[in-house]
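User: Please take me through a close look at one part of this model, and then show me how the parts around it are arranged. I am in my first year, so please explain each term as you use it.

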Amino acid sequence: MHEKILASLTPVFREVFDTPNLVLTEELNAKDVEAWDSLNHITLIVEIERLTGLTLTTDELVELQNVGDFARLLATKGYRG
Amino acid sequence: MAEYRFDELRVGMIAKRRYAFSEQNVQSFADLVVDRSPIHTSHDFAVAKGYPARIVHGLFVQSVISGILGTEIPGSNSVINTISMKMHGPVPIGSEVSYEVEILALTPAVAAVSLGFAGRIGALLVISGKALCSFPQPISC
């Protein structure tokens with residue numbers, strides 16, 4: 001549903017988690033990626049804000065359960081990938 | 001020692017520091033990290049490679065940035081998440097480097113601070129880079 005957004009996020013996730021072959025799916029979450037710890041999560045959010053030009057809030061982030069939720073949040077804030 | 005809260009920081013805040021790389025502290029660094037490469041420890045070797053004197057370890061030159069981040073901006077309430085640097089030129093032992101660190105962006109959602117830094121000998125740029133720091137939150141359970 002958000003293939004274009006997932007495609008644009010893929011290089012960011014691969015770089016932050018140093019996982020060149022990481023494939024983003026809507027179901028993917030932090031438990032699925034070994035390097036997705038609290039420090040890398042911060043870097044991920046910073047890089048996604050930089051990519052999208054959006055400003056995210058803590059309240060928005062705590063609601064996210066997986067990459068699909070992330071893509072939907074970005075879409076509702078106007079990002080198209 | 002600066003103890004900023006995240007909400008006290010602003011884009012454009014700058015911290016400056018000067019550091020002189022003496023013979024003694026370069027030798028101490030070499031011993032500490034067990035890097036006694038002759039470019040750092042042998043005058044003749046360094047001169048043969050075209051340098052005016054032995055040169056300071058690049059990571060020693062960078063390490064001063066750690067002190068600025070941890071004690072000035074963002075200060076003692078923050079930790080370094082990532083840091084990257086580029087060496088633009090050698091720092092001969094005996095040089096004094098003038099450092100400047102600037103806050104480039106703030107990410108309130110995760111209390112993260114993006115910074116840029118540079119170090120110069122006189123007007124000559126010798127190091128530059130970027131850092132990402134964050135403010136650890138107490139874990140409640």
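Analyst: B:Thr71 is partly exposed, because 14 other C-beta atoms lie within 10 Å of its own; a residue is called buried with 20 or more such atoms, exposed with 12 or fewer, and partly exposed in between, the C-beta atoms being placed from the backbone. This is a predicted model, in which local features need pLDDT (the predictor's confidence in each residue, from 0 to 100) of at least 70 and side-chain atom pairs need 80 or more, while totals for chains, interfaces and linings use all residues. Residues are numbered from 1 along each chain as its sequence is written, and chains are lettered from A and ligands numbered from 1 in the order written.

B:Thr71 belongs to helix H4 of chain B, where helices (H or I, at least four residues) and strands (E, at least two) are DSSP runs numbered from the N terminus. Although B:Thr71 and B:Glu3 stand 68 residues apart in sequence, their C-alpha atoms are 7.7 Å apart in space. If the neighbours within four places in sequence are left aside, B:Thr71 is in contact with B:Met1, B:Ala2 and B:Ser76, contact meaning C-beta atoms, placed from the backbone, within 7 Å.

The loop that runs between helix H4 (58-71) and strand S2 (79-87) of chain B contains B:Pro74, and the peptide bond joining B:Ile73 to B:Pro74 is cis, with omega about -5°. Another loop of chain B, between strand S3 (96-107) and strand S4 (112-121), holds B:Ala111, which has a positive phi near 50° although it is a residue other than glycine. B:Ala111 counts as buried, because 21 C-beta neighbours lie inside 10 Å. For chain B, the mean pLDDT is 94, with 97% of its residues at 70 or more, and the model itself scores ipTM 0.81 and pTM 0.87.

Chain A offers a counterpart in A:Asp18, which is not a glycine and yet has a positive phi of about 50°. A:Asp18 sits in the loop between helix H1 (3-16) and helix H2 (38-52) of chain A, and it counts as exposed because it has 9 C-beta neighbours inside 10 Å.

The two helices on either side of that loop also meet: A:Ser8, A:Leu9, A:Val12 and A:Val16 of H1(A) touch a set of residues in H2(A) that includes A:Asn40, A:Thr43, A:Leu44 and A:Ile48. Within H2(A), the buried residues are A:Ile42, A:Thr43, A:Leu44, A:Ile45, A:Val46 and A:Ile48. The partners against which these buried residues pack come from both chains, namely H1 and H3 of chain A, together with S2, S3, S4 and strand S5 (124-134) of chain B. Just after H2(A) comes A:Gly53, whose phi is positive at about 75°.

How many residues does each chain bring to the contact between the chains? Ten residues come from chain A and nine residues from chain B. On the side of chain A that touches chain B, the elements giving two or more residues are H2 and helix H3 (58-62) of chain A, and H2(A) gives the most, with six residues. H2(A) therefore serves the reader as a link between the two chains in this account, since its buried residues pack against elements of chain A and of chain B, as buried is defined by 20 or more neighbouring C-beta atoms.
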